[in-house]
Amino acid sequence: MQSKVGKCPKCGKAVVDRGSFYGCAGFVKGCDFSIGKSSLSHLGHPTITPKEMRALLKGSVQLSFKISSGIERLFWVELVQKASKFLPQVDFTAGIAAESLGSCPVCGADIVEYPLSYGCSKWEEGCEFAIFKDSIKKFGGKMLTKKDAKELLKNGQIEVKIRGFDKKMKKVNLLLDSEFGCRMDFKNR
Ligand SMILES: [Zn+2]
Ligand SMILES: [Zn+2]
């Protein structure tokens with residue numbers, strides 16, 4: 001039996017659980033409202049449960065997101081209308097932790113952790129400074145940790161290991177860069 005999880009924001013009919021997604025019972029009359037259960041999986045929330053969907057249809061819900069191995073945090077999610085489609089939108093503006101990791105080299109505001117980066121808390125006001133966690137991954141390096149970000153912001157550089165052309169791991173300096181977040185120092189090794 002298909003269970004009802006709430007009221008369709010487009011047409012007011014029932015939204016029902018259809019296995020892999022939640023869809024409007026009024027689809028035969030042309031309502032295309034549907035939300036995939038795995039629509040937030042790429043952000044770290046694998047499945048939207050019926051209980052969570054019920055709350056989402058009422059406005060907003062706090063869901064847990066896996067932000068790195070073993071670490072989960074709660075974020076508010078709400079249904080947002082974009083053109084004729086409704087999509088669940090996650091509010092990452094508060095950052096992952098309220099903890100400041102240092103000062104932004106561009107504007108001086110706090111740097112906080114976001115799902116993919118350590119970035120400026122004033123990004124809504126236009127500051128785009130961010131150190132991406134995977135900055136050195138394409139060079140065979142590890143994901144940058146919170147500790148790395150703190151040290152980088154404090155000292156302007158850290159030592160990291162990347163894979164060289166000879167496939168061996170080698171140490172290089174990673175420098176703080178106000179435009180790119182960070183960059184490798186190939187001159188000085
Ligand atoms: Zn509908
Ligand atoms: Zn800033």
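This report describes two zinc sites, two helices, the aromatic pairs and some backbone features of a predicted model.

**Basis and confidence**

Residues are numbered from 1 along each chain as its sequence is written, and chains are lettered from A and ligands numbered from 1 in the order in which they are written. The model being predicted, local features need pLDDT of at least 70 and side-chain atom pairs count only at pLDDT 80 or more, whereas totals for chains, interfaces and linings use all residues; side-chain values use heavy atoms, with hydrogens and water left out.

The predictor's confidence in each residue, pLDDT, runs from 0 to 100. Its mean over the chain is 89, and 93% of the residues reach 70 or more. Helices (H or I, at least four residues) and strands (E, at least two) are DSSP runs numbered from the N terminus. Among these elements, the lowest mean pLDDT, 83, belongs to strand S5 (residues 60-68), and the highest, 97, to strand S2 (residues 14-17).

**Zinc sites**

Donors are N, O and S atoms within 2.8 Å of the metal (3.2 Å for Na, K and Ca); water is not among the atoms, so sites may look incomplete. Four donors count as tetrahedral if all angles lie between 85 and 135 degrees. The two sites are set out below.

| Zinc ion | Donors | Distances | Angles | Spacing |
|---|---|---|---|---|
| Ligand 1 | Cys8 (SG), Cys11 (SG), Cys24 (SG), Cys31 (SG) | 2.2 to 2.3 Å | 97 to 113° | C-x2-C-x12-C-x6-C |
| Ligand 2 | Cys104 (SG), Cys107 (SG), Cys120 (SG), Cys127 (SG) | 2.2 to 2.3 Å | 101 to 119° | C-x2-C-x12-C-x6-C |

The arrangement around the zinc ion (ligand 1) is tetrahedral because of the angles that its four donor atoms subtend. The site of the zinc ion (ligand 2) is likewise tetrahedral. Exposure is given as relative accessible area: buried means under 20%, exposed over 50%, and partly exposed in between (1.4 Å probe, protein chains only). Cysteine 8 is buried at 3%, while cysteine 11 is partly exposed at 37%. Of the donors of the zinc ion (ligand 2), cysteine 120 and cysteine 127 are both buried.

**Aromatic pairs**

Rings of Phe, Tyr and Trp (its six-membered ring) pair if their centres lie within 6.5 Å; planes under 30 degrees apart count as stacked, over 60 as edge-to-face and the rest as tilted. Two such pairs are found in the whole structure. In one, the ring centres of phenylalanine 33 and phenylalanine 86 are 5.9 Å apart and the planes stand at 70°, so the pair is edge-to-face. Phenylalanine 33 lies in the loop between strand S3 (21-24) and strand S4 (34-36), and phenylalanine 86 in strand S7, so this pair ties together parts 53 residues apart in sequence. Both phenylalanine 33 and phenylalanine 86 are buried.

The rings of phenylalanine 65 and phenylalanine 75 have centres 5.8 Å apart and planes at 65°, so this pair is also edge-to-face. With phenylalanine 65 in strand S5 and phenylalanine 75 in strand S6, the pair ties together parts that are 10 residues apart in sequence. Phenylalanine 65 and phenylalanine 75 are both buried.

**Helices**

Helix H1 (residues 50-58) has Glu52, Met53, Leu56 and Leu57 as its buried residues. Down the axis of H1 these fall within an arc of 135°, so they line one face of the helix; the arc is that of the directions from the helix axis to the C-beta atoms. Lys51 and Lys58 are exposed on the other side of H1. Glycine 59, just after H1, has a positive phi of about 150°.

In helix H2 (residues 146-155), the residues Ala149, Leu152 and Leu153 are buried. They cover an arc of only 95° around the axis, which puts them on the same side of H2. Lys147 and Lys154 are exposed on the other side of H2. The buried residues of H2 pack against strand S8 (111-113), strand S9 (117-120), strand S10 (130-132), S11, S12 and strand S13 (181-185), where contact means heavy atoms within 4.5 Å. Just after H2, glycine 156 has a positive phi of about 80°.

**Individual residues**

Aspartate 177 belongs to strand S12 and is buried, with a relative accessible area of 11%. Not counting residues up to four places away in sequence, aspartate 177 touches Phe129, Cys182 and Arg183.

Alanine 83, although not a glycine, has a positive phi of about 55°. This alanine 83 sits in the loop between strand S6 (71-82) and strand S7 (85-90) and is exposed at 77% relative accessibility. Lysine 167, also a residue other than glycine, has a positive phi near 70°. The loop between strand S11 (157-163) and strand S12 (169-177) holds lysine 167, which is exposed at 63% relative accessibility.

How values were computed. Tetrahedral: all angles 85-135°; square planar, octahedral: opposite > 155°, others 65-115°.
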